[in-house]
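Trainee: Could you walk me through one part of this model up close, the small open sheet, and then add a word on a pocket elsewhere?

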Amino acid sequence: MGSLQLFHSFSLSVSPATNLRRPLNKGRVNASLNMDVEAPNPLKLKSNGSNEVIEEEAKFIVGSYARAPVVLSSGKGCKLYDPEGREFLDCAAGIAVNALGQGDPDWVRAVTEQANILTHVSNAYYTIPQVELAKRLVGNSFADRVFFTNSGTEANEAAIKFSRKFQRFIHPDNKQPATEFISFTNSFHGRTMGALALTSKEHYRSPFEPVMPGVTFLEYGNIQAAIDLIRNGMIAAVFVEPVQGEGGIYSATKEFLQALRSACDDAGSLLVFDEVQCGLGRTGYLWAHEAYDVFPDMMTLAKPLAGGLPIGATLVTERVASAIAHGDHGSTFAGSPLVCSAAISVFNKIANPSFLSSVSKKGDYMKELLNQKLGGNPHVKEIRGWGLMIGIELDVSASPLVDACRNSGLIVLTAGKGNVVRLVPPLIISEEELKHAAEILHECLPALDNSN
């Protein structure tokens, strides 16, 4: 071999403004045996103020989000902060995701320790945190097995596929097995094409039609209509939220869920509970359906499970799992060691009976406060919900109140037809913080009059 020695390492210092898709040096490559190495400085990538971030977002991000005019740059517990240092009390929790708030020390430890060991290898191999999380989910639910995904909509897509495969599996000689689905008014199951077809709001579906065919929407709570349709023998599965979140914080009755269970059993249809928002402690029960003593064939989970990292899960009975063969479904990222380690830390805390009891207690406390402070207002029609999943239904749009609260340092959401204020704070929120939230809501009520 010759005496030419190639350099072992080099780095490239790139200005944040550099377009990395444009070939450097017009496509020419300059090699050097001695190059100074400059470590990338992440601080150079940070913008200085909220206005700059908002302006740059408009230039570079697809405009699919109607964001509130707030930049959130840091947080701790139930408090969030913008770059200018303004403080917000968080009663949205990233849409019911951050169950342990921001910066929970056990969650941070779990993530950082796992990041130093193993982050991702795909589902072509076995990994320890995935199995450990599955064991916890199975050991504390009706389910026998788990399929991991990356979001709630993916969990529902898996349930759709499993439902159809199950019907073909148990009726191998039937040339037309059940392939249709029942969903309900005010339902929300996701934005991917299958889950979107199960979502009742027409304005979510209409721009993307035709979506998956074979879905019938029935009135939420209408027992007879559901029984009649399930009996036709063409329903692969019934999808229902025990407590509807996006739809406006509506709770099913025990009689309704019991009737669905019985009708599905008689007809051979599967019953799927979507607990993406209402599951894992949000209602004060580990699973919302436990309060009804009715159990599904499948349950979909997501939002709070990994404390802010993307995860979803489809929990199934052995009967359903037996229909699923190698290659029937899959995901590159789902169930990664990093995300599952985060989820284990979340699950270990929320599954504690004393933690669940505190959620119920705080939920009752908050509803009592809200009834005291808001109940006499003529715009307030109803205050409802379970645990820390609370809706305030108004006779006008909730947006002026939500905006006024935000300007006063409180973050809340809308739901339903835009006329419901949705409160889904971190489950660790204190009674003092809940009292403060109720006071801000009360102080901001005049915004409803001003808007009219």
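Mentor: Sure, the sheet comes first and the pocket after it.

This is a predicted model, so local features need pLDDT of at least 70 and side-chain atom pairs pLDDT 80 or more, while totals for chains, interfaces and linings use all residues. Numbering starts from 1 along each chain as its sequence is written, and side-chain values use heavy atoms, without hydrogens or water.

The open sheet has 4 strands, ordered β13-β14-β17-β16 and paired antiparallel (strands are DSSP E runs of at least two residues, helices H or I runs of at least four, numbered from the N terminus; pairing takes at least two bridges). β13 (380-386) and β16 (413-415) sit at the edges with a single partner strand each, so one side of each has no neighbour in the sheet. On average, neighbouring strands are turned by 30° against each other, direction ignored (axes are lines fitted to C-alpha atoms; angles run from 0 to 180 degrees between N-to-C directions). Inside the sheet, β14 (389-394) meets β17 (420-423) over 4 antiparallel bridges, and Gly391 faces Arg422 of β17.

Now the second largest pocket, with about 940 Å³ of space (an open set on a 1 Å grid, 1.4 Å probe, with protein on both sides within 12 Å along at least five of seven lines; lining residues have an atom within 4 Å of a point; volume is the space filled by the probe spheres). Of its 25 lining residues, Asn123, Gln130, Val146, Phe147 and His326 are closest to the centre. α4 (128-139) and β4 (145-149) each give two or more lining residues, and β4 has the largest share, 4 residues.
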